[in-house]
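Colleague: I would like a close look at one part of this model, namely the surroundings of a single core residue and what they lead to. Could you take me through that part step by step, in one connected account?

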Amino acid sequence: MALREIVFLPDPVLRRKAHKVTAFDSDLQVLIDDMIETMREAPGVGLAAPQVGVLQRVIVVEYAEDEEDEDGPKKLYVLVNPEIVQVSKETELGIEGCLSVPGLVGEVDRHTGLTVKGLNRRGQPVKYKVNGWLARIFQHEIDHLDGIVYTDRATRVWKPREGEEAPVD
Ligand code: NI
């Protein structure tokens with residue numbers, strides 16, 4: 001495993017649509033392992049392949065298994081070719097940051113729940129139903145695969161005060 005360099009706005013790679021993964025080969029396995037390591041090192045709660053300069057539809061997410069216990073055990077998700085297949089009608093505002101947009105946070109309206117399907121790292125179908133922060137993280141990461149950055153959707157963006165934190169992905 002190796003750390004990859006995170007790319008920042010205005011790098012054009014963050015504005016392009018990533019390609020569907022078709023080969024579940026060793027290059028993909030290395031990319032996924034590197035993305036997990038890079039996300040953990042940052043640290044962040046999620047990372048999309050375009051953020052390390054790779055235009056492939058791959059995301060990794062790692063967040064508390066129990067949303068009520070943010071410091072409790074974490075669950076790692078690896079999703080290839082993810083697709084949001086269902087969203088809640090309900091939306092809520094929350095504060096987001098992004099490893100590719102350092103030094104800023106923003107308030108973004110997101111669906112409070114969703115169902116996402118895709119493939120795992122071996123190419124087998126997986127499906128997750130997620131709520132709350134996890135749903136927010138998935139929407140943020142999948143946006144990256146379509147060249148969308150949270151600041152595009154934010155109702156406002158600002159420089160956080162000291163001690164003001166938001167999960168970054
Ligand atoms: Ni991001």
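Modeller: Leaving aside its neighbours within four places in sequence, Val61 is in contact with Met39, Val45, Gly46, Lys75, Leu76, Tyr77, Leu134, Ile137, Phe138 and Glu141. Please keep in mind that this is a predicted model, and that each value below is computed from it.

Val61 is also one of the residues with the most contacts inside the largest nonpolar core, a set of 23 residues, and it shares that standing with Ile59, Leu134 and Phe138. The elements β2 (58-64), β3, β6 (113-119), β7 and α2 each supply at least two residues of this core, and it is α2 that gives the most, with six residues. Apart from this core lies another one, made up of 17 residues, among them Leu28, Ile32, Val78 and Val80.

Two of the residues in contact with Val61, Tyr77 and Phe138, lead on to the aromatic rings. The count of aromatic pairs comes to two. In one of them Tyr77 meets Tyr128 edge-to-face, with 4.9 Å from centre to centre and 90° between the planes. Because Tyr77 belongs to strand β3 (residues 74-87) and Tyr128 to strand β7 (residues 125-131), this pair ties together parts that are 51 residues apart in sequence. Tyr77 counts as buried, since its relative accessibility is 8%, whereas Tyr128, at 22%, counts as partly exposed, the cut-off for buried being under 20%. In the other pair the ring centres of Tyr77 and Phe138 are 5.4 Å apart and their planes stand at 80°, so this pair too is edge-to-face. Here the link again runs between distant parts of the chain, from Tyr77 in strand β3 to Phe138 in helix α2 (residues 132-145), 61 residues apart. Phe138 has 0% relative accessibility and therefore counts as buried. Taken as a whole, the ring pairs join Tyr77, Tyr128 and Phe138 into a cluster.

Helix α2 spans residues 132-145, and two of the protein donors of the nickel ion, His140 and His144, each through NE2, have numbers in that range. The other protein donors are Cys98 through SG and Asp169 through O, and the donors lie 2.1 to 2.4 Å from the ion. The angles among the four donor atoms run from 100 to 123°, and the site is tetrahedral; for comparison, the ideal angle for four tetrahedral donors is 109.5 degrees. Along the chain, the donors follow the spacing C-x41-H-x3-H-x24-D. Cys98 sits in the loop between β4 (91-96) and β5 (105-111), and Asp169 in the segment after β8 (156-158), so these two tie together parts that are 71 residues apart in sequence. Cys98 counts as buried because its relative accessibility is 3%, and Asp169 counts as buried at 3% as well.

One further residue is worth following from here. Gln51, in the loop between β1 (46-48) and β2, counts as buried because its relative accessibility is 0%. Its contacts, leaving aside neighbours within four places in sequence, include Cys98, His144 and Asp169, which are among the nickel donors. Gln51 is also in contact with Glu141, a residue that appears among the contacts of Val61, and further contacts of Gln51 include Glu5, Ile6, Val7 and Leu14.

Conventions: Residues are numbered from 1 along each chain as its sequence is written. This is a predicted model: local features need pLDDT of at least 70, side-chain atom pairs count only at pLDDT 80 or more; totals for chains, interfaces and linings use all residues. Side-chain values use heavy atoms; hydrogens and water are left out. Rings of Phe, Tyr and Trp (its six-membered ring) pair if their centres lie within 6.5 Å; planes under 30 degrees apart count as stacked, over 60 as edge-to-face and the rest as tilted. Helices (H or I, at least four residues) and strands (E, at least two) are DSSP runs, numbered from the N terminus. Buried means under 20% relative accessible area, exposed over 50%, partly exposed in between (1.4 Å probe, protein chains only). A nonpolar core is a set of buried Ala, Val, Leu, Ile, Met, Phe, Trp, Tyr and Cys residues joined through side-chain atoms within 4.5 Å. Contact means heavy atoms within 4.5 Å. Donors are N, O and S atoms within 2.8 Å of the metal (3.2 Å for Na, K and Ca); water is not among the atoms, so sites may look incomplete. Four donors count as tetrahedral if all angles lie between 85 and 135 degrees; four count as square planar and six as octahedral if opposite donors are over 155 degrees apart and all others between 65 and 115; anything else is irregular.
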